[in-house]
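Q: I have not looked at this one before, so could you walk me through it once it is on the screen?

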Amino acid sequence: MPETVLVIGGGPAGLEAARAIATIGGKALLVERRAVLGGTPDESNYAALTPRMGSAQEALDVLRAGVVDPNIDVRVETTVTGCSGSVGDFAVTLTGPAGETKEHVGAIVVATGFQHFDPGRETQMYGYYEYPDVITLPDAEKMLSEHRFVRPSTGEPPRNVAFIQCVGSRDRRLGNEYCSKVCCGVASKEAIEIRRLLPDTKVYIFYIDMRMYGYWENEIYWPAQEQYNVTYIRGIVTEIVGKDGRLLMKGEDTTMGRPLEVLMDMIVLSVGMEPSRGTRDVAGILGIEQNKYGFIATPGEPMDPVSTNVPGIYVAGAAAGPKDLEDTVGMAGAAAMRAVGAVRGLARSEAAVTR
Amino acid sequence: MGRDLPVIKVDTVTELEHAVVEGVDISGHWNRMFSDRSTTDFPTEAMDWVTGLAGGESMRDCYQCGKCVPVCPVQHVGDYGPRKLNAKILRGNNLIDDPDLWLCTTCGNCYRVCPKEVNPLKIMPAIREQAVLEGKVPDELSDAFRNLQKSGNPMGESPRKRIDWIAEAGVDVPIISQLDRAVDVLWYVSDYTSYHPRGKDAARAMARVMTALGVDFAILGPEERSDGDSARLAGESGLFELLAEQNIKAFEKYEFKRLVVMDPHAYNAFKNHYPRLGWQGEVLHYTQFLAPLVDRLTFRSSVDLDVTYHDPCYLGRNNGEYDAPRKLLQAIPGIRLAEMPHTKANGYCCGGGGGGMWLDGFVAEHVSERLSERRVREAVATVGMDGSGVLSVACPYEPSRFEDAVKSTGNDGKLAVRDIIELIDQAMQPPAT
């Protein structure tokens with residue numbers, strides 16, 4: 001019986017899962033589509049991490065160092081292109097720079113993550129592809145990670161910036177009915193970073209509800225409001241039109257019950273999460289169930305957030321739906337433990353699925 | 001006190017938004033002193049009642065994001081907002097006695113952007129129907145209902161006069177009952193096209209264009225009744241069904257391949273609502289019928305005009321046809337087509353839909369200006385700067401609404417209002433000498 005656990009995806013969930021597998025004496029085979037490890041936080045140029053504002057690259061370096069281990073076989077520029085068998089002995093096909101290889105693994109952890117919502121999608125009236133000064137959270141991350149924040153149209157710092165929340169989330173018409181969970185915190189974090197860089201720039205966040213659960217309330221939301229003077233206005237924006245070289249946002253200030261039409265230099269769309277291409281592809285290749293949004297289904301919720309519908313295949317992180325990094329890394333540990341248990345033939349690891 | 005201060009109208013009371021008397025600011029709501037300071041109850045009966053109505057179900061789904069407000073045409077001219085309807089109902093107001101019930105034109109722009117798919121196109125008719133049953137209908141709307149019931153058109157004109165426009169068409173307009181044979185096109189002319197002085201211009205133009213194209217067509221003539229769609233949306237579903245029954249009886253009497261209509265409201269009724277009442281067939285708005293034939297239109301003169309186009313809510317947003325009217329306009333020699341900021345899916349309502357056509361007086365009490373007036377200002381800003389501007393339309397409600405608005409906004413001479421079919425007809429005539 002092969003003892004190795006295949007971990008698909010080299011982002012925070014996959015890195016932590018592989019490290020955890022090795023920590024408890026297992027063997028991991030970690031495959032990553034890109035040439036570098038780090039996943040979406042790396043690929044999308046995250047600057048600081050929510051909520052404690054530490055550097056994203058420094059945090060990723062800790063995770064990357066965790067997979068430098070004789071019991072972890074890391075293969076980059078490699079994808080899973082075939083799978084057969086069942087728990088205890090899966091035969092998987094990997095396609096990488098050296099061509100196709102066949103591997104036998106005892107269990108699988110899917111950590112293929114999410115992608116940011118594309119604000120050009122139908123019914124969105126935010127002009128993302130029309131106005132250069134309308135950007136997304138990851139676009140802002142890229143600039144902030146380079147310690148600058150300027151209007152793409154002019155290269156000058158903006159006098160005012162608005163964040164619009166819930167773009168691509170909580171929307172039945174778009175098919176994304178769920179809350180993406182992290183965008184309120186990430187927007188507030190970026191707002192703080194902008195205010196640190198540009199003390200004269202006014203920063204606004206337009207929201208439906210601020211969803212700052214747990215410590216994100218006091219660690220991000222309150223400091224943004226109290227120390228960095230970020231202005232929070234309840235009310236969402238419906239459309240953005242160009243006017244005199246600036247952006248006119250039209251919405252409603254729902255607290256006051258009045259329409260708002262405000263000119264901004266820059267607008268940041270707080271785009272939510274959708275299943276990544278890799279998540280969709282891998283679900284098909286492994287034959288595991290997806291939920292109606294395309295994320296990997298976890299039928300054992302709430303007590304078992306990591307088992308898929310196929311025994312021996314587990315999921316960690318945002319492949320299973322919107323997750324913050326705390327959830328992601330926590331899930332990775334749980335999935336690693338379950339996967340090693342399955343490889344060693346511990347019946348308990350399948351309890352939640354057979355229940 | 002300056003007379004130029006902003007004015008708020010609350011029901012029939014007019015107040016200044018800011019009032020300063022002898023240096024003391026006494027701004028405030030006129031009725032503040034008469035209402036309770038605290039909300040002492042949130043009665044749930046009104047929401048239960050609304051969502052219990054067939055069509056009212058989605059009212060509860062609102063999560064108060066407010067996306068509907070900036071795209072609501074009525075919001076631009078008053079206090080109204082789709083989100084606020086949910087807030088009112090949650091606080092016990094079932095809208096039956098609230099003027100808001102009659103302000104919605106069912107234009108559908110809020111529904112387009114609503115992340116929860118709350119649908120006033122179904123909710124408002126459902127609540128209005130209850131108001132109708134209770135007899136709580138604005139007088140002018142009652143008059144229109146009575147006329148529709150009595151004579152099959154909202155003006156109360158005799159059904160026999162439905163064909164009076166033919167006399168000046170200059171071409172033969174066959175009436176199907178006199179033909180005794182099948183036709184390719186049964187042309188449903190509509191109320192305003194048949195009776196209204198400006199509507200008749202479009203009817204005559206359409207008759208000439210179809211004749212020039214050699215279309216095998218006929219009309220129902222005196223047998224035609226209003227399509228009833230606006231009555232339905234205004235809450236009179238019984239009247240709608242009565243009119244539909246009469247039209248369906250006429251449709252079934254004759255043989256024709258397709259129905260071509262002038263009025264987007266008729267298009268909506270025949271396409272989306274008559275099937276459940278027993279009639280199904282091919283229905284085309286006249287722009288959809290003519291657009292594929294555009295190469296066969298023989299234009300003999302150039303019109304030399306700056307034209308913008310007003311998307312009718314029930315052709316564009318609510319039925320998805322944006323291209324056919326534009327294809328026709330672009331084919332007319334000499335026309336320079338410019339789009340208004342509110343266009344296509346985000347088109348701005350003329351105010352005539354959902355019964356608004358028969359509520360102008362009532363609505364005027366609750367808004368700062370008519371929707372048609374705002375739309376005309378937008379058209380003037382787009383094409384009306386040098387006097388050659390045309391606001392082109394494709395709905396028989398609009399020529400009269402917009403021409404009144406051109407006058408009332410002081411834009412006489414800057415903007416002409418023309419149905420697309422009138423522009424086509426004009427360009428097909430020999431140049432004026």
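**A first walk through the two chains**

A: Let me start with one pair of strands in this predicted model: strand β1 (residues 4-8) of chain A and strand β2 (residues 27-31) of chain A run parallel to each other and are joined over five bridges. Within that pair, A:T4 stands opposite A:K27 in β2(A).

Q: And what sheet of chain A are β1 and β2 in, in what order?

A: They belong to an open sheet of five strands with parallel pairing, and the order across it is β3-β2-β1-β7-β18 (chain A). Because β3 (72-75) and β18 (313-315) of chain A stand at the edges with a single partner strand each, one side of each has no neighbour in the sheet. From one strand to the next, the twist averages 20°.

Q: Which helix packs on that sheet?

A: Helix α8 (residues 325-343) of chain A does, touching β1, β7 (107-110) and β18 of chain A, and its direction makes about 165° with that of β7(A).

Q: Switching to chain B, how far apart are the end C-alpha atoms of its helix α8?

A: They are 25 Å apart, and this agrees with expectation, because the 17 residues of helix α8 (residues 197-213) of chain B should span 24 Å at 1.5 Å a residue. Just after α8(B), B:G214 takes a positive phi of about 75°.

Q: Which residues of α8(B) are buried, and what covers them?

A: The buried ones are B:G199, B:K200, B:A202, B:A203, B:R204, B:A205, B:M206, B:A207, B:V209 and B:M210. Their cover includes, in chain B, the helices α7 (191-195), α12 (286-290), α16 (398-408) and α17 (420-428), together with the strands β6 (217-219) and β12 (415-419).

Q: Which members of the largest nonpolar core touch the most others?

A: That core has 119 residues, and B:W187, B:M206, B:V260 and B:V261 are the ones that touch the most other members. Its largest share, seven residues, comes from α8(B). Leaving aside residues up to four places away in sequence, B:M206 touches B:M262, B:Y286 and B:I421. Another core, of 109 residues, lies apart from the largest one, and among its members are A:L37, A:A191, A:I192 and A:Y207.

Q: Last thing: how many residues of each chain are in contact with the other chain?

A: Between the chains, 17 residues of chain A are in contact with 18 residues of chain B. On the chain A side, β13 (237-243) and β14 (246-253) each supply at least two of the touching residues. The residues on that side divide into seven charged, six polar and four nonpolar.

Methods
Residues numbered from 1 in each chain as written. Chains lettered and ligands numbered in written order. Predicted model: local features only at pLDDT ≥ 70, side-chain atom pairs only at ≥ 80, totals over all residues. Helix = DSSP H or I, 4+ residues; strand = E, 2+ residues; numbered from the N terminus. Expected span 1.5 Å × (residues − 1). Buried ≥ 20, exposed ≤ 12 C-beta atoms within 10 Å, placed from the backbone. Contact = placed C-beta atoms within 7 Å. Nonpolar A, V, L, I, M, F, W, Y, C, P; charged D, E, K, R; others polar. Pairing = 2+ DSSP bridges. Axes fitted to C-alpha atoms, helices over the stretch in contact; angles between N-to-C directions. Core = buried A, V, L, I, M, F, W, Y, C linked by C-beta atoms within 7 Å.
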